[in-house]
Each structure stands twice: as C-alpha cells, then as structure tokens.
Amino acid sequence: MKLDLEKGRVDLTHGSGGRAMHDLISNLFAKHFDNPLLAEGNDQAICKIPESYGSNPCLSVSTDSFVISPLFFPGGNIGNLAVHGTVNDVALAGAKPLWLTAGFILEEGFPLVDLTKIVASMAQAAQEADVQIVTGDTKVVPKGKADGLFINTTGVGVVLVDPLPSVRQIEVGDAIIINGPIGDHAVAIMAARENLKFDEELLSDCASLNGLIEAMVQSGTVIHAMRDPTRGGLSATLNEMATSAKVGIHLDEAAIPVRPAVKGVCEILGLDPLNLANEGKLIAFCPQDQAEPLLQAMRAHPLGCEAVVIGHTTDNPHCFVEMKTKLGGVRMVDWLTGDQLPRIC
C-alpha cells in the first residue's frame, strides 16, 4: 500500500522491519535527512573527521531523549527541539557539532502529516546548524503505550579548544554571562499546554547555539565553563555548577534579563523565572578581565546580541548561590524541589 503522508497514520507494520517500514524510512526520513553518509543504507555511519581538525582530535559526544508535551508549541516542535538540544550539548564543550543520530518511538495511529512536519523541521534545523543526521532507528508501539512520539538524538562533534571548558576550571572571581532573557521556552510551552492567550506572543527560545559558541571560542577569550540552563532553569544549573566547582555564586537580580510578558506570567501564577526552562540560552564563566571582550564577541552574533553579565563567583565554603534583589536585600537561590513544569523538553 502506498504511503499516504497527508491522511495516513502510523500503524504497527511501520515498525515491523518489512515493506511498510522500508517505505516509511525511504519516503519520509531518508528523503528529508538525505546526505551521502545516510545514503549508504547501513546500520551505522562511518564518519571521517576532517583533516583540518588535526590527526588526533578530541570528540564531544552527547545523547538526549525528548518527550515534550505538546509536540507543537509556539516557536518550534519536538523535532527541531531535538536537534537544537543535542547540538547545544555537544557545542558547550567548545566543540563543533558534525553528526547526529535520530531515534523515533512512534505510537500506533500517529498522523503521518504531523510526522512529516516534525521530520522536515528536524532537517531544516540540522541544515541551519550545519550538522548531518547520519543514522537512526524507528520503533512503533501499540496505541496507548506512548504519547504520540518520543525522539532520541545523539550528537558527535570535534573539540575546538584546549583546555576544554569545564566546571573544574571555574575560579573565584569569575564573571557569569548569559546570552539573553530567561523563561521564554517554559512560558511558551505552558501557553500551548493550557491554551493561554497573551497580549504579546511568546515564542520558545529553542535554537542551536553552536554558531554563537564557535564565535566565542574564536574570539580568543578565556572561557572557563559553559552550560545551558534547560530543565530547572538558571537556579538549578548554577547550583549544580557551584557545587561541582566548590565556589559560591552572587547574582544581581536587576541584571538578569526577563521579558515583561514572562515576568507578568510568573507574577500571576506565582512562578520564579529563575526556575523556568530555556532551550536557547547559555551561561559562560570567564575571568573578570575577559568579560568585556567575550561580551563583544557574543553581541556580534544574533543569538548573543542581548548578552549581559549577571553575577560572579565567590569564595563560599557552603557553595551557596545568592542574589542581590532589586530592593537591595540578599536572598538564597536554592534548587527547585519537584518539577515546576514537567515534560518541558
């Protein structure tokens, strides 16, 4: 039976290994992800590292699974999010992402027209990030055994810097920089999930940051560590980094960028923007004298044009993350207990 990408739905034969599965892979996945390595048709991809990266380069490898609900949201969908998220995890080691794998767990009955949109968005995101999806896997489970679609992606990249950015390199007195406003992704998901309407349309910030990171690395500034504040937001990420680096962190609330609409939603619902997930933001730690040149390099890139210093590291044996409030006081920024918004990525 011919694959109907407009009105057809996934059924169990699409995961059986037979003709239907072959048609789904060749007419949908291979069509959108087409590249020479994938076209080999093997169960693995043999990826040769370009000679321009040296004879024995280090690799950055990361894997992530995406179970976000809803699958489509303002500013993206599970497909491009899966590409952006893994590209960012690879790149934050100071690496250039080159290749991705893509694993799909599909629920019986899932509309092929929606799957096509998701796969096409993945292909576009991969092209924009200059990475190739070189191998993958597809499984189909009976109706009711999954929630439409789950995606796993693994990324491989070549490290561009030495020494590698790592929490072990963070020092007391380091400046802490973020590339833009926090909370956009979480609020966009919340709006889609609860059908909320705002005067100002809020879009997820999901984006591949590898271009920005490469510009930061090529600027020649010293970068001690980088991390993306996804689940758990800024508070969880900074607490984790402070604990690992055995330093304290002092933030300036007035310096932390939050869009007015996000701030308004948080005030109405009693949420803390510091706990909200992001999918297009990074935090960089660098020596104080490197902060200004690093900011200049970041602001020259579209995804870093709103970069600001939000705080610095301190000598604190308890590894506390503290914040100077807009009223002049100081409060603790603690780990979030529980999950403020589940299935955010």
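In this predicted model, the side chains of Arg331 and Asp272 meet in a salt bridge, with an N to O distance of 3.2 Å. The pair links distant parts of the chain, since Arg331 belongs to strand E13 whereas Asp272 sits in the loop between H8 and strand E10 (283–286), 59 residues apart. Arg331 itself is partly exposed, with a relative accessible area of 32%. Elsewhere, salt bridges that share partners join Lys96, Asp130 and Glu214 into one network.

The count of salt bridges comes to 9, and two further pairs are worth following through the fold. Arg343 and Asp147 meet through their side chains in a salt bridge of 2.8 Å, N to O. Arg343 lies in the segment after strand E13 (330–332) and Asp147 in the loop between E5 and E6, so this pair ties together parts that are 196 residues apart in sequence. Arg343 is partly exposed at 31% relative accessibility, and Asp147 is also partly exposed, with a relative accessible area of 37%.

The other pair consists of Arg259 and Asp184, whose side chains form a salt bridge at 2.7 Å, N to O. Because Arg259 is placed in the loop between strand E9 (248–252) and H8, and Asp184 in helix H5, the contact ties together parts 75 residues apart in sequence. Here the two partners fall on either side of the 20% relative accessible area under which a residue is called buried: Arg259 is partly exposed at 26% relative accessibility, while Asp184 is buried at 4%.

From these charged pairs we may turn to the nonpolar interior. In soluble globular proteins, nonpolar side chains tend to be buried together. In this model the largest nonpolar core has 50 residues, of which Phe104, Leu106, Leu115 and Leu149 touch the most other members. The elements that give two or more residues to this core are helices H1 (19–32), H3 (78–91), H4 (112–128), H5 (184–194) and H8 (260–269), together with strands E4 (95–107), E5 (132–141) and E6 (149–159). Among these contributors, H4 gives the most, with 8 residues.

Leu149 offers a convenient point from which to view the packing: leaving aside its neighbours within four places in sequence, Leu149 is in contact with Leu71, Ile78, Phe104, Ile105, Leu106, Phe110, Leu115 and Ile118. A second core, separate from the one just described, has 23 residues, including Val161, Leu212, Met226 and Met298.

Nonpolar side chains also appear at the surface, where Leu196, Phe198, Ile268 and Leu269 make a patch of about 370 Å². Phe198, one of these four, is found in the loop between H5 and helix H6 (210–218), and with a relative accessible area of 30% Phe198 counts as partly exposed.

Stepping back to the whole protein chain, the secondary structure comes to 9 helices and 13 strands. The radius of gyration is 21 Å, close to the 20 Å that the globule rule gives for 345 residues, so the chain is as compact as a globular protein of that length. Taken along the principal axes, the C-alpha atoms fill a box of roughly 70 × 55 × 35 Å. Buried residues make up 52% of the 345 residues, and among contacts with a separation of 6 or more, 85% are between residues 24 or more positions apart. The protein chain exposes about 16000 Å², of which carbon and sulfur atoms supply 51%.

Technical notes: Residues are numbered from 1 along each chain as its sequence is written. This is a predicted model: local features need pLDDT of at least 70, side-chain atom pairs count only at pLDDT 80 or more; totals for chains, interfaces and linings use all residues. Side-chain values use heavy atoms; hydrogens and water are left out. A nonpolar core is a set of buried Ala, Val, Leu, Ile, Met, Phe, Trp, Tyr and Cys residues joined through side-chain atoms within 4.5 Å. Buried means under 20% relative accessible area, exposed over 50%, partly exposed in between (1.4 Å probe, protein chains only). Helices (H or I, at least four residues) and strands (E, at least two) are DSSP runs, numbered from the N terminus. Contact means heavy atoms within 4.5 Å. Patches are made of residues with over 30% relative accessible area and no salt bridge: like charges are joined within 9 Å, nonpolar side chains (Val, Leu, Ile, Met, Phe, Trp, Tyr) within 5 Å. Accessible areas come from the Shrake-Rupley method with a 1.4 Å probe; for residues, only the protein chains shown count as cover. The radius of gyration is taken over C-alpha atoms; the globule rule is 2.2 Å times the number of residues to the power 0.38.
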